[in-house]
Amino acid sequence: MIFQKPLTLSGGISREPKALPGGFHIWRVAGGTAFCDNPNCSKPGSGSNHKNDCERKALEHLGPRPWPWERGGGLSCWDLVAAVLPHTNRALFYGPPSTGKTFAAMYGGLAAGDEAAVVDFGQPSRYTVTLTEETPAAELRGVWSPRGTEGLVFMYGPAALAMLGGKRLVLNEIDRASPDCHSILYGLTESDGTIELTLPNGETIHPKPGYHVFATMNGNPFTDLPEALHTRFPVKFFIDRVNPTALAELPEAWRGPAETLCLIPEESRRTYLREWLAFRDLLAKDVKAELAAMAVFGARAGDILTAVRLKTAK
């Protein structure tokens, strides 16, 4: 279970933190005394050293979790995304894989009618980059490239194009960015009034209105990113639920088992939304359920078929 501080909601109502997977202790406050809920704790109680150790380990694992998941009327991470994302120009999505973080970074917060991938004379409405340990800063900024009889021509990179067009820049796997990329990312994610980028062709550019940066990662930004980088994303969404829009693509009877199995801590038993969608597509093409399950889920096929059939039967 992951440490989570009690939250006092409006009206002074104190809510107890919900037990969450992760293998760490959780502290709850009752009558002013803190109790450790982990049955493996050698000394359940209110010892300050033990409490500090639990808190430290939990925060090292996932970082602060300031939002009241499944409390106060069922507020979820996706409720928070829907309420906040349209009103910010810097946001970081982090959490378990295959929960819909990239989809949200690409499409979330758009006004009705803005979902089209191509607008404004064929120019993209966003620029998306998946970062790796080998991605150079030049790939984001732009490079000189030979072009036939024209000789060397400067090719603007996705970051420069997003700034010049006032578009969305999506940075996937930001925690895997190379040290070379870190320096340019600091500049690209600065406050609006201080963003300025001088390109190798001598041009100095500033972002047009509408420029914004959303990033994704599977790790913990508080430990896996340099402090100077994660603080440039003041809005951070910990995504611990599968995107309900993505889940809606599955038959209703599958949604509960799919979300549960996508979020379980044991990696050997965990499934991924992409697998469920592939399973659905194979069944739609009249592949037998047993064969489709074996092809997609491997050793987990039997458990998947049992879960789906039991749910369908209910």
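Where in the chain is the place of S98? Look in the loop between β5 (90-94) and α3 (101-107). We'll come back to this residue after a quick tour of the whole chain. One thing to keep in mind along the way: this is a predicted model.

Let's start with the overall picture. The chain has 13 helices and 15 strands. Of its 314 residues, 41% are buried. Now take the contacts between residues at least 6 apart in sequence: 61% of them join residues at least 24 apart.

Back to S98, then. Its phi is near 60 degrees, which is a positive value in a residue other than glycine. What makes that worth a look is the general pattern: most residues other than glycine have a negative phi. S98 is also buried, with a relative accessible area of 9%.

E173 makes a nice companion to this. You'll find E173 in the loop between β11 (168-172) and α6 (179-188). E173 isn't a glycine either, yet its phi is positive, at about 55 degrees. As for its surroundings, E173 is partly exposed, with a relative accessible area of 23%; the cut-off for buried is under 20%.

Next, have a look at helix α2, which covers residues 77-84. Which of its residues are buried? They are C77, W78, L80 and V81. If you look down the axis of α2, these buried residues fall within an arc of 155 degrees, so they line one face of the helix. There's a simple bit of background that helps here: an α-helix has 3.6 residues a turn, so residues three or four places apart point the same way. And what lies over that face? The cover for the buried residues of α2 includes β5, α3, β15 (235-238) and α9 (244-247). You've met two of those names already, as β5 and α3 are the elements on either side of the loop that holds S98.

Now move along to the helices further down the chain. Two packed helices are described by the angle between their axes and the distance between the axes. Try that on helix α10 (residues 252-263) and α11: their axes come within 9 Å and cross at roughly 145 degrees. On the α10 side, the contact is made by W254, P257, A258, L261 and C262, and on the α11 side by L273, W276, F279, R280 and L283. Sorted by class, that gives nine nonpolar residues, no polar ones and one charged.

Helix α11 (residues 273-284) also packs with helix α12 (residues 289-297), with axes that come within 9 Å and cross at roughly 150 degrees. Angles over 145 degrees count as roughly antiparallel, and α11 and α12 are therefore roughly antiparallel to each other. Their crossing is right-handed. In this contact, E275, W276, A278, F279, L282 and L283 of α11 meet A289, A292, A293, V296 and F297 of α12. The residues here divide into 10 nonpolar, no polar and one charged. Notice W276, F279 and L283, which are listed for the contact of α11 with α10 and also for the one with α12.

Our last stop is A301, in helix α13 (residues 301-313). Is A301 buried or exposed? At 6% relative accessibility, it counts as buried. Leaving aside residues up to four places away in sequence, A301 touches A293 and M294. A293 is one of the α12 residues that meet α11. Finally, A301 and E290 are 11 residues apart in sequence, with their C-alpha atoms 7.5 Å apart in space.

Methods
Residues are numbered from 1 along each chain as its sequence is written. This is a predicted model: local features need pLDDT of at least 70, side-chain atom pairs count only at pLDDT 80 or more; totals for chains, interfaces and linings use all residues. Side-chain values use heavy atoms; hydrogens and water are left out. Axes are lines fitted to C-alpha atoms, for helices over the stretch in contact, and angles run from 0 to 180 degrees between N-to-C directions. Helices (H or I, at least four residues) and strands (E, at least two) are DSSP runs, numbered from the N terminus. Angles under 35 degrees count as roughly parallel, over 145 as roughly antiparallel, 65 to 115 as roughly perpendicular and the rest as oblique. A crossing is left-handed if the near helix is turned anticlockwise from the far one by less than a right angle, and right-handed if clockwise. Contact means heavy atoms within 4.5 Å. Ala, Val, Leu, Ile, Met, Phe, Trp, Tyr, Cys and Pro count as nonpolar, Asp, Glu, Lys and Arg as charged, and the others, Gly among them, as polar. Buried means under 20% relative accessible area, exposed over 50%, partly exposed in between (1.4 Å probe, protein chains only). The arc is that of the directions from the helix axis to the C-beta atoms.
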